[in-house]
Each structure stands twice: as C-alpha cells, then as structure tokens.
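The exercises below are to be worked with the structure in view. Each one sets a task and then gives a solution in steps.

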Amino acid sequence: MVLERSVEDLISEIQYKAKITRGVADRTVRDWFTKGVKAPDLSREGVVTELYLVYLPFWRFVAQGKAVACGYSEYTEKTGNVIRNIFEELIDEEFIWTECACDTGKCGITKLWLDPGGEVPYVRGSVVSMDAGGSAIEASKRGREEVHRMIKEAAAKRIQVLTLEKTFLIPKVFELVYAPVWIAHYSYKGGDYTAIVDGVRGEVLGGTAPNNLTARTRMMILTFTAGGIMIGSSIAMLIHPGPYQISELFQIILLLLGIAMCMAAYPAFKEGRTFVSSGSMQHILALSPATRVPKQLTDNEILNHESTLLKCPVCGEVVEQPWGEVVSACKKCHHLLDVTANTVKLVPYDVAKPDLLARTAMKGMDPEYIPFWKFEVDFNVTDRLAGGETKTGLPDISGKRSYYICAADIPRYVSEPWEIDLTIRNPEIVEDFAGREGTYLTILMNQNTARKLTEFLYLRYETEKPGILQVLRYNFQVDNARILYIPYYKEKTSYIPGI
Amino acid sequence: MADTPNGIPAPLVCSGAAASLIDEERAREIAGEWLDGEKNPVVPDETIQFGKAVLIYYPFWKFSREDGGEDVIVYRPACGTLLSGLQDLQREETRVVPVPKDANILPATVFSTVYLPELHGIARGEELVGIPLWMISYKVKNSIYMMVVNGESGLVYPGWHPVKEPAVWKRTALTAFIPMVLLSMTAVYLSPWFFILAAGLLIIFLYRSRMFGMVNTKYLEGKDGS
C-alpha cells in the first residue's frame, strides 16, 4: 500500500516482458516507413542495418493525491452583469509520474508509455539494458514535485481565483521500471536513422526518418505565396485603398499575419528534414557511463550514528525491516518501531479490548486487530465561509478530539468510513493490558503520512457538508500520536467493529 | 557467474582489451576525413567544429564457436547501448593486452547467457574483451552530433549526423514570395484579375519547382519525389 522508505539500495527494480519478436518488430518498422510524410521511396531504399532488443530504465513514482480546493470563476455577460460561479473541488486520485533514467539522445523517449501491471522482477544481467543514471533520491524529489504540481492542476482546473487550497501527497511506490524496446538502425541514401518499437505492444514509439523533400518544398512555396499575397495586398491598400473599403485595422492584421506566417514557415520546413519525436543530444557527456549516485550522509548524520545499521532504541537489536513495512515490532523486545531512512523511533501503542456486546454477538470468533494511528488533535477554526450553507445534524469535529487513521493494508474506500466514524464517535477505549492472542495486521503507514491524512480527513468532512465551502482558516496542532489496535470481526468480506 | 557471500552478483570484469592503435589526433583526422569524404554527400558544407574526444573501452563478449567445421568469432556488446554499428562488431583477431590502468572502461552489465540462443555452432570459449572507441563530438550550426571511431581499426560508426539536402531554401522562399507581393500590389492598384495570374503562377511553382533553381541540380531529386 504505502511505501515510505525510498532508500537508495532498496529501490525495487521490475521489468515488462518483451512480447514482440524480431520479425514482428522488423515488419512494424517497414510499415512505419510507408506512413506519414517520409521520403516516398524509404520502404524500398531504406536498409535496416541493426535490429536489437534493449531495456530502457524509467523512474516511476506512484502517489495518491488528495486535495481540497475552493474558489470561484467569473465571467461578464453582454449586459455587463458579472456572474460568479463558486466551486468546491475534492481530489482523491492516483497520480503516476515517470521519467527516463538514461539518455536516449535523438530517439526522444522521456516518459514511460506503459501502464502499471504485468511486470516481473528485474534480474540484473539477464537482459540487455541501459544503465540507470543519476540519483534515485533526486529522481524521487522530482517525482514528488511533479505529482504535487499535477494534484494542484487537477484541483484548480475550473477555478480562476482560489480561496482555499490544500494538497496532500501519499507516496505509494517509487521504483525503477525497465521497458523493452526494439532499436532499428537503418540507412537511407547515405544518411543514418533510428526507429524505436515498443517491445510490449509493437507500436513505433519514435525515432528519426528522412522527410519527403517534395512535400516540404511545396509547403514552403505555398506558405510564402500566401504570405506574399497577404503582405503585398495589405501594403498596397494601406498606401492607396482604391475601390476596397476595408478598415485599416484589418489591413494591419493582414500584414502582420503574412509576416508571421513567413517567419514561422521558413525554419519549420527548412529544418524539418527528419521526423524527430523529441529529445536532444545537447548533453553529450550523458552518453558516458552512467553511475548511480549513492546517498551522501551529512556531517550531522555521521556524527550521530556510529554505523548505518538501524538498531532498536530499547534493546539494541538490529532492525531487519521487511520491504514496504514502515512500523514493525522488534523481534527481541516486541516494542513497535517507526523505521525511517536513518532513524528508529519507539512508537507507543495500545490494544483495545472488544466490548461485551461484540464478544457476545460474535461468540466463538477471534477478532483481527487493525492498527490505527490515534492523534490528539486541536483543530481551531478561525474563519469559515460557505455558499448556500444549511443546518444539518452533522456534528462539528473541530476543537480538541482524537483522530483515527487506519495504518493497515486495507483499501482506503473501506477504511475511510471507519476513520470518520471513530473520529466523530471518539469511543471509550478499554485497554487490554494483558494483550490478546489474535491476528495483528501489519502497519504500512508511518506517522508523517497519517498526520497529513488527519488534516485531509477534517477538510473532506467539511467539504461533504451541504453548501459550497469557500474560505476555511484554521490552526492545526497534533499533541500526541500512538498506535491503537482496534478489534474487528471479519465476516466474509465485511468487517464488524469490536468496540 | 559466481555470487559473493551476501548474494550480490560479482561484477563482470574484462579479461583484457584490444590495444588502442589510434591516438586522439588521428581519430579526429579520421572523423574529419569521413565528414569531408566524397562518398558521403550527406554532410553540409558549413563549418564543422570538433569538440571533446573521449576514449572509452566498451566491454564486448567474444564468443568462439565452431560452425560447419570453421572457427567463427562473434562479438556482442556486454552493456546496453543505443549507438549504431556495435551489435555485430567485426575485428581482426589481434593480441589482447591487459586493460590499461587509467582506462575509462564501461561496466559490463549483460551476462553472456543472454546471447547464447542466437549463436550458431558449438561453443569453444567466451571471454569479456574491452574494445577502445573514440567518442568524438562535433557541432554543425547549432546542433551537436557524435561520431564513434574504432580505436583499434579506425572504422567510423557515424550514427546520427547532419544530412545535406538538394533544396535551396532561400531561393525557394524568395522565388515564391517576391512575385506574389508584386502581383498582389498590382492587383490592388489595377485589376483583381492579377490575383488569377498569381494563382496560376503558384500552380507552376508547385509543379515545376526545379525550373526556378529551387532544387540544387548537383543532388537531383528522384522522379518519385525522393
């Protein structure tokens, strides 16, 4: 579910399986020769000199984007009335950012074209792959920034003036994905070109090809002829209007349009000798061997840590953290530990006892203990404005109260109603000091992420109230955070709370 | 391939390298000769500015096979590359020397087993050899290109390079532009019928572009427009 720890040496590497054979790739390239405004005899004269399979590396960052955006857009009617539409947007979607981790030069591949799904583990050396260059940490930062931008863009799509905007990013996966491509180098009348075929779906992704010279020459002639007529006519009319009663503004626009057309067409048709999808070889040094930059420890980190081994602060046991799990129990002393990239923190926790009603109703069944982050929060709302607000029976959850965020690997659409219910009810918890035997679900969300979700929980609750929220100013303070294992009885596919 | 105790595969190391017989100066000369060569009427006459030249040893798997009673040597790159000309490297068998200490050698990242399904004959041996390649960058107008020169044999792998075209673009633009300006001015002053004349001229331009010197006759265009 949520992966927080993107340490350099723990980046998972996966690959797509190549499904296209050499023969199919060759036929795809030859079909591509005949399409578009390429040289007409390319399919006859073009000679494929090399055709080989290579895996290209891509950084992929998947995150759940959550945002609340409020504001308005205005437009003026013909009568002069200003119409203001107020909006309240709630975003809760998955965002994916990808970036090519090697230089593909003129081949121009910058982003991964394949959707997640169907990947297999990548085994180094088992396929011909380009080496991933650059730092994973830097790539992760770029991914976060870009996803933040995507969330903001999605939230403020319809809104001209924002009065409230809060975005949250819950990272899910950061990984290195290898995608197979067939590289076809071919020559045509002394020139050397390249085409790239997707190794999974068999489509041409990009590359370079000689363009149709005749078509380009004709396009150049056509554009300059049109430009010449526009410029000549407008100049003549400006000097001496003659029988034409056309406004001067139109004549000037015609003149400028003609000049712009000629200026744009000349470089476009002159340089358009090949199809180049995108990308450049400006950074020629990037073709030298790419190396992964290891994470640099700061002086402070070096001074405060004797070694990079992570140890339990209570018993000193070395922490062996399973991949993806961010809070795990110490094997020796069974304390809960929040393991981040460089530190290990002790997490206080409680186990709630199932109440009498639940135990009686579910007699003979053992509950599953689902971990929740429990925050003591003080939400002090200083300013609130909503359009079309009506009184409802929904309780106010601002002020001091406990907020609950599910930390287990349970789909959010299932756990979110629990979180709201627990936060509204703030049930009395009877601690089970003796501890109980049972299934304790793994904690897959760390404190930072849960804290962000707490704020989002409040904002979402406010937006779901009748009326359109416009302004919300508040102070948000978290006093205490701990894990609370709450018993739930699993019945077929549903859960019944034990408190 | 041997594994180290903690499960990390041991790095692939070249057993030797082909001696680099061509120095930087000679490599640049070869590149310049190729660009000026009569065989390659593809590079424009504009000034070519040579940039950095780097000698890199590319790791190659050298497979010795016996195929149909003959000894065959096949080379395949041992690291991922998008450069052209390296997939089926041909070289004369010369003595392999130890890899120079200060050599810039790319790490081998591909196991030899990857290539075995595509090789013919009976396996007689395999080894990892570094082949010296000069990467020479050059600039034509505002674009930067790269050429690879084999440091052992002097063979050129041109890759992406500028292409000379038979079209004379300035002449094309002016030939289309000036008559149209004059004709349209005349049409405004005298008679709109001159616009009809302009349209006729446009059709002639489109179909007989060579007649007006728009296409350089040194590199004639094919009948089919290529």
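**Exercise 1.** Find the residue in S15(A) that stands opposite Tyr369(A), then list the strands that pair with S12(A) and give the sense of each pairing.

*Solution.* The model is a predicted one, and the steps below read its backbone pairing.

Step 1. The residue across from Tyr369(A) is Pro487(A) in S15(A).

Step 2. S15(A) covers residues 468-491, and 19 bridges join this strand to S12(A) in the antiparallel sense.

Step 3. S13(A), residues 399-406, also runs antiparallel to S12(A), with 8 bridges between them. One pair to look at is Phe372(A) with its bridge partner Cys406(A) in S13(A).

Step 4. S14(A), residues 439-440, pairs with S12(A) in the parallel sense over 2 bridges. Here Glu368(A) stands opposite Thr439(A).

Step 5. The list is therefore S15(A) and S13(A), antiparallel, and S14(A), parallel.

**Exercise 2.** Describe how S2(A) and S3(A) are connected and paired.

*Solution.*

Step 1. S2(A) spans residues 47-76 and S3(A) spans residues 82-100.

Step 2. These two strands pair in the antiparallel sense over 19 bridges. Lys66(A), for example, has Asp92(A) of S3(A) opposite.

Step 3. The two strands make a hairpin, with 5 residues between them. In the turn, Gly80(A) has a positive phi of about 100°.

**Exercise 3.** Work out which strands stand at the edges of the open sheet that contains S9(A).

*Solution.*

Step 1. The sheet is made of 3 strands of chain A in the order S8-S9-S10, with antiparallel pairing.

Step 2. S8(A), residues 327-329, and S10(A), residues 344-347, each have a single partner strand, so one side of each has no neighbour in the sheet. These two are the edge strands.

Step 3. Ignoring direction, neighbouring strands of this sheet are turned by 35° against each other on average.

Step 4. For the pairing of S9(A), residues 336-339, with S10(A), there are 4 bridges. Leu336(A) stands opposite Val347(A) in S10(A).

**Exercise 4.** Three loop residues are to be classified: is each of Thr21(A), His334(A) and Asn426(A) exposed or partly exposed?

*Solution.*

Step 1. The cut-off is a count of C-beta atoms within 10 Å: 12 or fewer means exposed, 20 or more means buried, and values in between mean partly exposed.

Step 2. His334(A) lies in the loop between S8 and S9 of chain A. His334(A) has 11 other C-beta atoms within 10 Å, so the residue is exposed. Its phi is positive, about 65°, although the residue is not a glycine.

Step 3. Asn426(A) lies in the loop between H8, residues 412-425, and S14 of chain A. Because Asn426(A) has 13 other C-beta atoms within 10 Å, the residue is partly exposed. Asn426(A) also has a positive phi, near 45°, and is a residue other than glycine.

Step 4. Thr21(A) belongs to the loop between S1 (12-15) and H1 (22-33) of chain A. With 13 C-beta neighbours inside 10 Å, Thr21(A) is partly exposed. Its C-alpha atom is 9.1 Å from that of Leu53(A), although the two residues are 32 apart along the chain.

**Exercise 5.** Identify the residues that touch the most other members of the largest nonpolar core, and state which strand supplies its largest share.

*Solution.*

Step 1. The core has 132 residues, and those touching the most other members are Leu56(A), Val197(A) and Ala407(A).

Step 2. Strand S5(A), residues 161-188, supplies the largest share, 14 residues.

Step 3. A second, separate core has 22 residues, including Ile221(A), Phe224(A), Ala176(B) and Val188(B).

Step 4. Returning to Ala407(A), and leaving out residues up to four places away in sequence, its contacts include Phe372(A), Trp373(A), Leu444(A) and Ile483(A).

**Exercise 6.** Characterise the crossing of H4(A) and H2(B).

*Solution.*

Step 1. H4(A) covers residues 213-239 and H2(B) covers residues 169-189.

Step 2. Their axes come within 7 Å and cross at roughly 35°. The crossing is right-handed.

Step 3. The residues of this contact are 18 nonpolar, 8 polar and no charged.

Methods:
Residues numbered from 1 in each chain as written. Chains lettered and ligands numbered in written order. Predicted model: local features only at pLDDT ≥ 70, side-chain atom pairs only at ≥ 80, totals over all residues. Core = buried A, V, L, I, M, F, W, Y, C linked by C-beta atoms within 7 Å. Contact = placed C-beta atoms within 7 Å. Axes fitted to C-alpha atoms, helices over the stretch in contact; angles between N-to-C directions. Left-handed = near helix turned anticlockwise from the far one by under 90°. Nonpolar A, V, L, I, M, F, W, Y, C, P; charged D, E, K, R; others polar.
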